[in-house]
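Subject: Handing over the structure

Hello,

Here is the structure I promised to pass on to you. Please have a look at it first, and then read my notes below.

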Amino acid sequence: GIMEVSHLPVATAFPTQLFSSRTRMSIRQLSTDQPRPEIQPPSQPRSIARLAGEQQRKRLRQIVVVFLVAGLACVFASTVRGQGAYRKVPLKKAFTNDKVVRRAVSDTKKFATGGPRNGYVDQYFLNYVPAILTDPAHITIVSEVMEDYVDILNKAQRSGRNTRAVQEQVFRMMNGIATNNFMPSARISAINVLSLLDSAPANTSNKTPPVPLAATLPVLVGLYQNEANVDGVRAAALHGIHRHVNYGFRNLSDAQKAGLNEMMYQLLDSKAPAGRSAEAHAYLQRFAVDINDKLRKQGDTALGQKLISISTEESIPSMIALHSARRAGEMGSELKGKVSDPSGVLKSWSRRTLNVMQAELDRLKALDRAEPAGGQPPNPDIQGSGRGATGSSGGSRPKKKSGGGLGALGSSSSSSRSSSAEEPPGFGQG
């Protein structure tokens with residue numbers, strides 16, 4: 001029951017009442033089909049500071065792993081509920097040739113730093129990545145493919161050359177996947193990529209963070225607010241909102257701040273819905289604490305008092321209670337005179353902290369392996385004789401699979417084809 005689609009519609013049903021008309025215009029500009037932008041000739045490299053590249057990629061890999069696991073769990077859960085008819089983007093036949101895949105990836109990486117645009121680049125964005133991401137048949141290579149994809153996006157945003165063209169392709173395709181009925185793991189990955197779109201890169205010289213692309217925020221808010229979405233999708237959207245508020249706070253309008261603040265207070269006040277564990281709900285509420293803390297005005301103690309209440313409630317999971325205690329503690333003198341029983345609060349925090357630490361120590365101790373019991377010494381009559389006497393079983397090691405990409409999907413004749421033409425061969429076929 002998997003339907004095949006060749007086109008990704010772009011969702012436009014966003015909660016635009018929270019956002020300015022200027023933001024809505026930027027969404028329309030990125031969401032609708034536009035003429036292909038002219039290819040700018042390579043220019044001299046700009047003096048743009050790189051954003052801690054290795055740390056960002058490591059962090060992204062960790063995020064992708066977490067949400068991919070959550071997405072796969074959602075796939076299995078939805079299948080059990082009889083909702084397994086997810087859409088997918090069919091892979092074009094040309095991409096069953098490993099040489100075509102390598103050429104497309106290589107040309108796209110060059111394009112991201114000012115190189116020329118050709119058919120390989122277009123089909124990489126329009127077909128290859130969406131097809132790999134949305135078809136469960138390619139699950140074994142999706143992490144590698146998405147790591148390249150994000151690396152290309154980061155290069156384009158840092159280089160300042162062909163940035164707009166790359167962002168348009170990424171936004172159009174990832175938005176289409178994130179907001180439609182594709183398998184949850186694909187939607188989650190697409191949301192993570194959307195969250196990384198920036199209108200300006202970080203500048204380490206001036207110590208300024210990146211500026212998130214304004215057009216992505218309404219998409220993320222809409223995905224989070226839609227209760228029909230599985231928790232993995234909503235969690236990924238909330239993670240993206242967290243990044244957007246943290247880095248793009250100064251560019252948010254008062255109406256946006258008010259809307260986000262109210263939405264996060266609702267999350268903090270809510271109980272875990274059916275099907276979501278208390279711990280999972282507490283994990284989402286941590287984002288709400290951070291977002292509300294970022295949005296609050298100087299001297300506003302309402303959040304601090306709320307966090308004191310959360311952190312001292314014994315029935316609340318320690319994940320959100322201790323996080324709330326930390327944030328409340330960081331407010332320092334702002335809460336002076338606002339806490340009725342400071343000594344009781346500190347005792348509550350200390351007791352919970354010690355209990356959590358002891359539980360963690362017990363957990364780690366349980367992981368220790370017991371010392372193996374002493375056994376009989378080896379029989380000298382058989383040791384060193386027979387097969388394996390010299391450390392070898394006599395057989396050969398399994399050969400490592402050669403090649404990459406999707407060569408296994410094509411015939412031997414198709415995988416040996418190559419083309420020096422600028423337009424990739426076979427893209428006219430299904």
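Let me begin with a residue on the border between inside and outside: valine 356 has a relative accessible area of 32%, so it counts as partly exposed, falling between the 20% and 50% cut-offs. Please keep in mind that this is a predicted model. Valine 356 belongs to helix H14. Leaving aside residues up to four places away in sequence, valine 356 touches Ser318 and Leu322. Serine 318 is 38 residues away from valine 356 along the chain, yet their C-alpha atoms are separated by 7.6 Å.

Helix H14 covers residues 342-367, and leucine 367 is found in it too. Leucine 367 has a relative accessibility of 56%, which is over the 50% cut-off and therefore counts as exposed. Together with Leu361 and Leu364, Leu367 forms a nonpolar patch on the surface. The accessible area of these three leucines together is about 300 Å².

Now for the overall picture. The protein has 15 helices and 4 strands. Of its 430 residues, 44% are buried. About 23,700 Å² of the protein is exposed, and 52% of that comes from carbon and sulfur atoms. If you take the contacts with a separation of 6 or more, 75% of them are between residues 24 or more positions apart.

Next, helix H5, residues 142-159. Does its length in the model agree or disagree with what its 18 residues should span? At 1.5 Å a residue, the expected span is 26 Å, and the end C-alpha atoms are 26 Å apart, so the two agree. H5 is also mostly covered, with 13 of its 18 residues buried.

The stretch after H5 is worth a look for its backbone angles. Glycine 160 follows the helix and has a positive phi, near 75°. Asparagine 162 sits in the loop between H5 and helix H6 (163-178). Its phi is positive as well, near 65°, in a residue other than glycine. Most residues other than glycine have a negative phi, which is why such cases are worth pointing out. Asparagine 162 has a relative accessible area of 13%, so it is buried.

Lysine 207 is another non-glycine residue with a positive phi, about 55°. You will find lysine 207 in the loop between strand S3 (198-200) and strand S4 (211-212). Is lysine 207 buried or exposed? Its relative accessibility is 76%, so lysine 207 counts as exposed.

Finally, please look at arginine 276, in the loop between helix H10 (254-269) and helix H11 (278-295). Arginine 276 counts as buried because its relative accessibility is 11%, which is under the 20% cut-off. Which side chain does the side chain of arginine 276 meet in a polar contact? The partner is histidine 281, at 2.9 Å. Not counting residues up to four places away in sequence, arginine 276 touches His281, Asp231, Arg234 and Leu284.

I hope these notes help you find your way around. Do write back if you would like to go through any of them together.

Best wishes

Definitions and conventions: Residues numbered from 1 in each chain as written. Predicted model: local features only at pLDDT ≥ 70, side-chain atom pairs only at ≥ 80, totals over all residues. Heavy atoms only, no water. Helix = DSSP H or I, 4+ residues; strand = E, 2+ residues; numbered from the N terminus. Buried < 20%, exposed > 50% of the residue type's maximum accessible area, 1.4 Å probe, protein only. Polar contact = N/O pair within 3.5 Å; in protein donor to acceptor, adjacent residues only side chain to side chain. Contact = heavy atoms within 4.5 Å. Expected span 1.5 Å × (residues − 1). Patch = residues over 30% accessible without salt bridge, like charges linked within 9 Å, V, L, I, M, F, W, Y side chains within 5 Å. Areas by Shrake-Rupley, 256 points an atom, 1.4 Å probe, with all protein chains shown as cover. Salt bridge = Lys/Arg side-chain N within 4 Å of Asp/Glu carboxyl O.
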